[in-house]
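Please work through the exercises below with the sequence and the model at hand. Each task is followed by a stepwise solution.

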Amino acid sequence: MDGRDQIQEVKDRLDIVSVVQEYVPTLKKTGRNHFGLCPFHQEKSPSFSVNPELRLYKCFGCGEGGDVINFIQKIENLDFPRALEIAAKKAGVKIERKLSPRDKKIREEKQKLIEANTIAAKFFKYILFEHSTGEEARKYVRSRKLKRKQVEDFMLGFAPDGF
């Protein structure tokens with residue numbers, strides 16, 4: 001299945017009315033469409049329409065319109081890949097990404113950097129909490145009334161002078 005097929009599957013599985021109602025609870029069915037106040041601009045009377053048959057939305061006030069993924073993208077202020085990821089999760093669809101050799105290399109390099117930083121963070125945490133060199137830093141942490149969990153949550157540590 002290629003990327004376009006996966007995107008279409010997400011669109012097919014999602015009920016655009018249900019997704020829009022998460023953000024526009026005032027949406028009411030009138031004939032074939034659902035109408036409500038547009039979430040993209042201020043208005044007093046409903047001009048925002050959702051068509052479940054066409055799986056599209058349109059605001060006749062501000063002109064905004066599109067499909068369910070576009071709606072998520074616009075309402076959450078996201079780029080398309082992140083909006084697709086959220087839509088796929090709502091739809092229960094696993095998006096399979098085929099990476100180019102260049103992208104695979106970039107991902108591997110990024111993973112190595114993450115691993116190196118994780119090791120460094122663990123080392124500095126050890127110095128802060130366990131090693132005698134970190135005693136002054138521990139006193140400082142206590143003086144700031146920080147709890148150990150807070151220090152760990154923010155991945156704080158202590159780097160002594162020198163190598």
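The exercises concern the sheet, its helices and a set of salt bridges.

The model is predicted, so local features need pLDDT of at least 70 and side-chain atom pairs count only at pLDDT 80 or more, while totals for chains, interfaces and linings use all residues. Residues are numbered from 1 along each chain as its sequence is written, and side-chain values use heavy atoms, with hydrogens and water left out.

**Exercise 1. Determine the strand order of the sheet and identify its edges.**

Step 1. Helices (H or I, at least four residues) and strands (E, at least two) are DSSP runs, numbered from the N terminus. Two strands pair if DSSP finds at least two bridges between them.

Step 2. The open sheet has five strands, ordered β1-β2-β3-β4-β5, with antiparallel pairing.

Step 3. β1 (28–30) and β5 (65–66) each have a single partner strand, so one side of each lacks a neighbour in the sheet.

Step 4. At one of these edges, β5 is joined to β4 (residues 56–59) by two bridges. Y57 stands opposite G66 in β5.

**Exercise 2. Describe how helices α2 and α3 lie against the sheet.**

Step 1. Contact means heavy atoms within 4.5 Å. Axes are lines fitted to C-alpha atoms, for helices over the stretch in contact, and angles run from 0 to 180 degrees between N-to-C directions.

Step 2. Helix α2 (residues 16–23) lies across β2 (33–36), β3 (48–51), β4 and β5, and runs at about 150° to β3.

Step 3. Helix α3 (residues 68–76) packs on the sheet and touches β3, β4 and β5, its direction making about 50° with that of β4.

**Exercise 3. Trace the salt bridges of E64 and E152.**

Step 1. A salt bridge is a side-chain nitrogen of Lys or Arg within 4 Å of a carboxyl oxygen of Asp or Glu. The structure holds 15 of them.

Step 2. E64 pairs with K74, with the closest N and O atoms 3.5 Å apart. This pair connects the loop between β4 and β5, where E64 lies, to helix α3, which holds K74.

Step 3. E152 pairs with K125, the closest N and O atoms being 3.8 Å apart. E152 belongs to helix α7 (residues 148–153) and K125 to helix α5, 27 residues apart.

Step 4. E152 also meets R148 in a salt bridge (2.8 Å, N to O). Both residues lie in helix α7, four residues apart, about one turn of the helix.

Step 5. Through shared partners, salt bridges join K125, E130, R148 and E152 into one network.
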